[in-house]
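Visitor: I should like to go through this structure step by step. Please explain the reasoning behind each answer.

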2 protein chains.
Amino acid sequence: MPDRPPRRSDATRTAILAAARERFASDGYERATIRAIAKDARIDPSMVMRYYGSKEGLFDAVLDVDLRIPNPRELQRQTVGETLVSHFLTLWEENNDALTAMLRVSVTNPAGAERLQGIFRDQILPVARHVCPDPEQAPARAGLTASQVLGMALTRYVLKFPPVAALAREEIVAWLAPTLQRYLTAPHP
Amino acid sequence: MPDRPPRRSDATRTAILAAARERFASDGYERATIRAIAKDARIDPSMVMRYYGSKEGLFDAVLDVDLRIPNPRELQRQTVGETLVSHFLTLWEENNDALTAMLRVSVTNPAGAERLQGIFRDQILPVARHVCPDPEQAPARAGLTASQVLGMALTRYVLKFPPVAALAREEIVAWLAPTLQRYLTAPHP
DNA sequence: AATGTAGGCCAACATCCGTTGACAGTCCAG
DNA sequence: CTGGACTGTCAACGGATGTTGGCCTACATT
């Protein structure tokens, strides 16, 4: 896309987006009202409509994060588990609000669910195809991997179970890496 | 509680409850409107209020499921992983709508999240305390276990990722049992 | 048969939501 | 200096939602 000239309203745009990220992340799609977001951003609700078209357009803008999918070719088959856990933890810490919002909304909104499914189809499935023994098992193995990764995200960042939220990053890597390694590369039990 | 005499309205009550379970499970708390639930049950919205007091009261009634927590004393330390996976799969299959509703709502509604947290505190934590090597590590180990169990429930029953939803029950047990076994009993990595 | 009570429906209320359009100030190009 | 585009506010609309109270009917008890 072409570089757009800087506009006088850019500050307002980003203020809206920041407020929307927080509201969607903490309240979910339905409870995050445009009026509340506008109040947080200290502007009128109608501005949200002008700049993002609709509530759904605003939500789309919130979800527009760069996932920096790791290139499967660069993965070592021996360390794929650790690499994946580490990648996703970093990703989540850097885009906490946006990803929490996506997970929170996906659980209620079918469109969000499809989006999340697309992400994992594009992220984990290629990795599974590249490292797992039998290509036919790749979808199942990718699914198991997703279940553990999303389960960690759910309990740590959304539900905030105290013992899980309190875990140090290295501890999570140490515990989950062998799990993902087994799901992706161990022989079918 | 004392046995209440059967009432002429019992059929209506259960019809409302059944419709509510389905709606809450498939739409979440906000989108499951009392009007829609009443329409499914073929009665007037005001009846819901009469019998369950409010939308929240109705939701509470939906969540009132018997979890049949396994007695930690009867668990074999060697097979606790398999026992747990099997228990939760059965539980979820028998109360699919109610548990899906709880998970779906917990992600948006703080009260639901607390309820879910309470369940895992009462279900998994005692088990962890009983089987894990160092009692101090019990909360963290229980949390990791919860992350995998809830992650499976999320991807299989809520998001319905095709490869995960297609897995056979025995396959899930075979894949997850070693994971839980390690989270609960293996030495700290 | 008379009467009280519980079951059920209907219409309405108050509130909140996303969204729209008219209007006023501000900046910049000509 | 002037016109037009941009930024922002205000008030309102149409619709949906949870909830309430009044009213009619049917049953059970006396």
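Guide: The expected span of a helix is 1.5 Å times one less than its number of residues. The model discussed here is a predicted one.

Visitor: What span should the 15 residues of helix α5 of chain A have, and how far apart are its end C-alpha atoms?
Guide: Helix α5 of chain A covers residues 80-94, which is 15 residues. At 1.5 Å a residue the expected span is 21 Å, and the distance between the end C-alpha atoms agrees with it because that distance is also 21 Å.

Visitor: Which elements are included in what covers the buried residues of α5(A)?
Guide: Buried residues are those under 20% relative accessible area. In α5(A) they include A:Val80, A:Leu84, A:Phe88 and A:Trp92. Their cover includes, from chain A, α6 (96-106), α7 (110-131), α8 (138-158) and α10 (169-185).

Visitor: How many helices and strands does chain A have?
Guide: Read along the sequence, the pattern of chain A is α-α-α-α-α-α-α-α-α-α. The count for chain A is therefore 10 helices and 0 strands, where helices are DSSP runs of at least four residues.

Visitor: What percentage of the residues in chain A is buried?
Guide: The C-alpha atoms of chain A fill a box of roughly 60 × 40 × 30 Å along the principal axes. Of the contacts in chain A with a separation of 6 or more, 70% join residues 24 or more positions apart. Among the 189 residues of chain A, the buried share is 52%.

Visitor: What relation connects chain B with chain A?
Guide: Two copies of a chain are related by a rotation about an axis and a shift along it. Here chain B is superposed on chain A by a rotation of 180° with 0.0 Å of shift along the axis, at an RMSD of 0.1 Å. That is the relation of a two-fold axis.

Visitor: Which residue of chain B comes closest to the rotation axis, and at what distance?
Guide: The distance is taken from the C-alpha atom. The residue of chain B that comes closest to the axis is B:Gly151, at 1.7 Å.

Visitor: Why can the copies be said to meet through the same surface?
Guide: The argument rests on comparing the interface residues of the two chains. The copies meet through the same surface because the share of interface residues of chain B that are also interface residues in chain A is 100%.

Visitor: Which element gives the most to the surface near DNA strand D?
Guide: DNA strand D is surrounded by 19 residues, with A:Ser9, A:Thr12, A:Arg50, B:Arg35 and B:Lys55 the closest. At least two residues each come from α3 (45-52) of chain A and from α2 (34-40) and α3 (45-52) of chain B. The most, 4 residues, come from α3(A).

Visitor: How far from a phosphate oxygen of DNA strand D is a polar side-chain atom of A:Thr12?
Guide: Of the strand D atoms within 4 Å of the protein, 52% belong to sugar or phosphate. A backbone N or O atom of A:Asp44 is 3.0 Å from a phosphate oxygen of this strand, and a polar side-chain atom of A:Tyr51 is 3.3 Å from one. For A:Thr12, the distance is 2.8 Å.

Visitor: Is A:Arg42 buried or exposed?
Guide: A:Arg42 lies in the loop between α2 (34-40) and α3 of chain A, and its phi is positive, near 60°. Because its relative accessibility is 75% and the cut-off is over 50%, A:Arg42 counts as exposed.

Notes. Residues are numbered from 1 along each chain as its sequence is written. Chains are lettered from A and ligands numbered from 1 in the order in which they are written. This is a predicted model: local features need pLDDT of at least 70, side-chain atom pairs count only at pLDDT 80 or more; totals for chains, interfaces and linings use all residues. Side-chain values use heavy atoms; hydrogens and water are left out. Buried means under 20% relative accessible area, exposed over 50%, partly exposed in between (1.4 Å probe, protein chains only). Contact means heavy atoms within 4.5 Å. Copies are superposed by least squares on the C-alpha atoms of residues with pLDDT of at least 70 in both. A residue is near a molecule or strand if one of its heavy atoms lies within 4 Å of it. A polar contact is a pair of N or O atoms within 3.5 Å; within protein, one must be able to donate a hydrogen and the other to accept it, and residues adjacent in sequence count only if both atoms are side-chain atoms.
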